[in-house]
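Welcome! Here is a short tour of one protein model, with a look at a strand and at some charged side-chain pairs.

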Amino acid sequence: MNYVCVHGHFYQPPRENPSLEAVELQDSAYPYHDWNERVTAECYAPNGTSRLLDDQQRIVELVNNYSEMSFNFGPTLLLWMEQKAPHVLDLIREGDKKSQDRYGGHGSAIAQAYNHMIMPLAHPRDKETQVIWGIRDFVKRFGRQPEGMWLPETAVDTASLEALAAEGIKFTILAPRQAKRVRRQGGRSWKDVSGDRIDPSRAYQVRLPSKKTIAVFFYDGPISQAVAFEGLLNDGKKFADRLLSGFSDQRTWPQLSHIATDGESYGHHHRHGEMALTYALHSIETGQVAKLTDYGQFLELYPPDHWAEIVENTSWSCVHGVERWKSNCGCNSGGHAGWNQEWRAPLRNSLDWLRDNLAPVFEKQAAALLREPWAARNDYIDVILNRSDENVAAFFQKHATHDLDDAERVRALKLLEMQRHAMLMYTSCGWFFDELSGLETVQVLHYAGRAIQLAREAAGVDLQPQFTEQLRNAKSNLPEHKDGEDIYKKWVEPGVVTPDKVVGHYAVSSLFESYGDKTRIYRYIVERQDYGVETEGRVRLAVGRAHVRSEITTEEATLSFGVLHLGDHNISGGVREFREQPQFEELRSKLNEAFAKADTAEVIRLLDEQFPNRTFSLRSLFRDEQRRIINLILKDTLGSVGASFRNMYENQAPLIRFLSALSVPVPSAFVSAASIALNSQLQQALERPEIDSAAVKGLLREVGLNNVHLDTTTLEFTIRKRLENQARLYDQHPDDLEALKGLHSLLDVAGELPMHVMLSEVQNLCFSHLVHGSSNGKGHNGDGAQTQQEWDRELSAVREKLHIQGHQ
């Protein structure tokens, strides 16, 4: 019997602000909020509801690819998904449950070492914790113990396999070049298979120094390479054929043709790659040439009968072993002639120094608080996964040396968070790409900065001066960024979050939105104790007190603030602690008195005097709220500017068309006016509660006549969200004819636009209703045959526009 298994390693580099535990706005991901959201829309969600098409390119079935393939998800990505895309996480879990029914009780999901650390380069303690955290996270997400575990970048050494085996992991997946030699169990002679020469069609067993064993699957390299880099996903049939080409008539044993790639190949790197995967797996399943399986089932059916030895310190993404994560080995993402990666070694050396100096701080400080500090760190994943007060109390009941008071509990949590970030700073992406100032490398420095901050707060130890001095040895390829120390001071230091920054954010944003008595700002809870706003024209003054509490460390503080808004972006204020209530009352009285006299200079003087070195402005806001407020400030200005350009365009439109008809170049000023005016009008037309399709068509005619370049990204996203909202309405009320007609109308508008509109979520919401849809005469517009005919017309039209095959 022949078997096929496709493994997808789904992972995104961590992008969250370490203090806020949230991914802030990323403009490069537009029109999405951030890259996690974008890749989820392009890959993770589509693989949960992939399309199987008929010969007319109509959807005949929605398929959960996760139920048929093998896969792992990075735990840090699933933590984000739990908060921001829970419906996608549900699809992933559902896929794993279905796969257990399909594959004899063996789920397709496997675990991953927690935060994508290169395991051969990790400290032995970190190896252990990474495996334990990866397993605990998996159990929380999937409700079962994992059989296998993915090693980040498939980076392996014997010690890493020992760490897996010690925790009961049965198998892992490696690249073919990571196999050194093999021999049949019971045989005596070893066969050299180095240099990608291993037969990937069977499972192998590795005997470890501890006498434990672990199974290893070496994936098919050429087919995996074709999927990732050679366009094999452009054709589902060719993909299926290539998977089947992994079998050989010369073999006399049950064969496994299996591949492993980044899961993002299926939809993000290759558009519609998830549909190619669906077609290929369906073709194989129905073709009776081979059966689909996952690694757990294959291992049960056909236990390894060969021993294997690995090539130590190797990976799938560096031909030099694991040098990509510690030296200028020559591996890079390309496109930057003249650049080098000499910065990799001093970056790793700096982080190793920091780790080794944080460890004794942790041991010394935690010894008085935790019975076994390192065992407590291993169990701290249970707190990360559930930060409720009850769960934190249970953790300390198990690990604390005594009943901790509030200050001791805060210190213990800070020490454990310090260790968490001391591991997060080794996330592999920090070394993978080409430049020290790249987003992924700056992210690992943010984690280092958070660990340093926590060491300073919990133990009074400041490691930052020595750490940044070491970072000087890491040189940027870009002269404006100099070195690691310059990058750290430019981006990491200003990003450190403290309670006064949270209250400063609260103070400024309170001028633009109404807060209740209790407000959540990321992982902080802010309770208003005193608050008042004075207004005079465009000028506003807010003075108040707030209690802030971290949900992560439970640290608390009560701080007072004063903030002055002079209009537009001109905001200034300060935050500080007043130990006595009368001091705060005196300040508030003076500020309000000066404001009442319209003495703005005195208000500013008082703010500077009473809040020395603790002032803030619009720049101090966290990125999402900062952008929201800037957009509010710009709204009126942009509206008046847009109206001016519309008037300008309307006055010159006949001349523009006349010049175009004569093939005379239109002056750039006219082109700009037309572009701004028509894009603005189209955007407004698509945002109206009732879209006037005739007006949209008229605007599009003008666009064509004037050769205007449209902002297709924004316009597509706008109409897509309108369609999705209407599809949800129809999904909730499938017997409402008006809801169906509204969807039909919006689809007509979308069809007029000169760009492809992504309809996947609309199709998902409507699929079951449209496949089996029949109103049975129901509706809100009357009864009888005429209404039924109208239903049938609408259902047929919407099916056609959404490319869905009806029930036959």
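## A strand and its charged contacts

Strand β7 and strand β11 (residues 213-218) run parallel to each other and are joined over 4 bridges; two strands count as paired if DSSP finds at least two bridges between them. Strands here are DSSP runs of E with at least two residues, helices are runs of H or I with at least four residues, and both are numbered from the N terminus. This is a predicted model, in which local features need pLDDT of at least 70 and side-chain atom pairs count only at pLDDT 80 or more, while totals for chains, interfaces and linings use all residues. Residues are numbered from 1 along each chain as its sequence is written, and side-chain values use heavy atoms, with hydrogens and water left out.

Within this pairing, T172 has V216 of β11 as its bridge partner. Are the two faces of β7 (residues 171-174) covered or not? Both are covered: F171 and I173 are buried on one side, and T172 and L174 are buried on the other. Buried means under 20% relative accessible area, exposed means over 50%, and partly exposed lies in between (1.4 Å probe, protein chains only). In a regular strand, side chains alternate between the two faces of the sheet.

Now to the charged side chains. A salt bridge is a side-chain nitrogen of Lys or Arg within 4 Å of a carboxyl oxygen of Asp or Glu, and by this rule the model has 55 salt bridges. Three of these pairs are set out below.

| Pair | Distance, N to O |
|---|---|
| E285 and R102 | 3.3 Å |
| R588 and D530 | 2.7 Å |
| R588 and E585 | 2.8 Å |

The pair of E285 and R102 links distant parts of the chain: E285 is in helix α8 (residues 273-287) and R102 in helix α3 (residues 86-102), 183 residues apart. E285 counts as partly exposed because its relative accessibility is 37%, and R102 counts as partly exposed because its value is 34%.

R588 appears in two of the table's rows. R588 lies in helix α20 (residues 581-596) and D530 in strand β16 (residues 524-536), so their pair ties together parts that are 58 residues apart in sequence. Both R588 and D530 are buried; for R588, the relative accessibility is 18%. Its other partner, E585, also lies in helix α20, 3 residues from R588, or about one turn of the helix. E585 is partly exposed, with a relative accessible area of 29%.

Finally, salt bridges can also join up: E21, R387, E417 and R420 are linked in a network of them.
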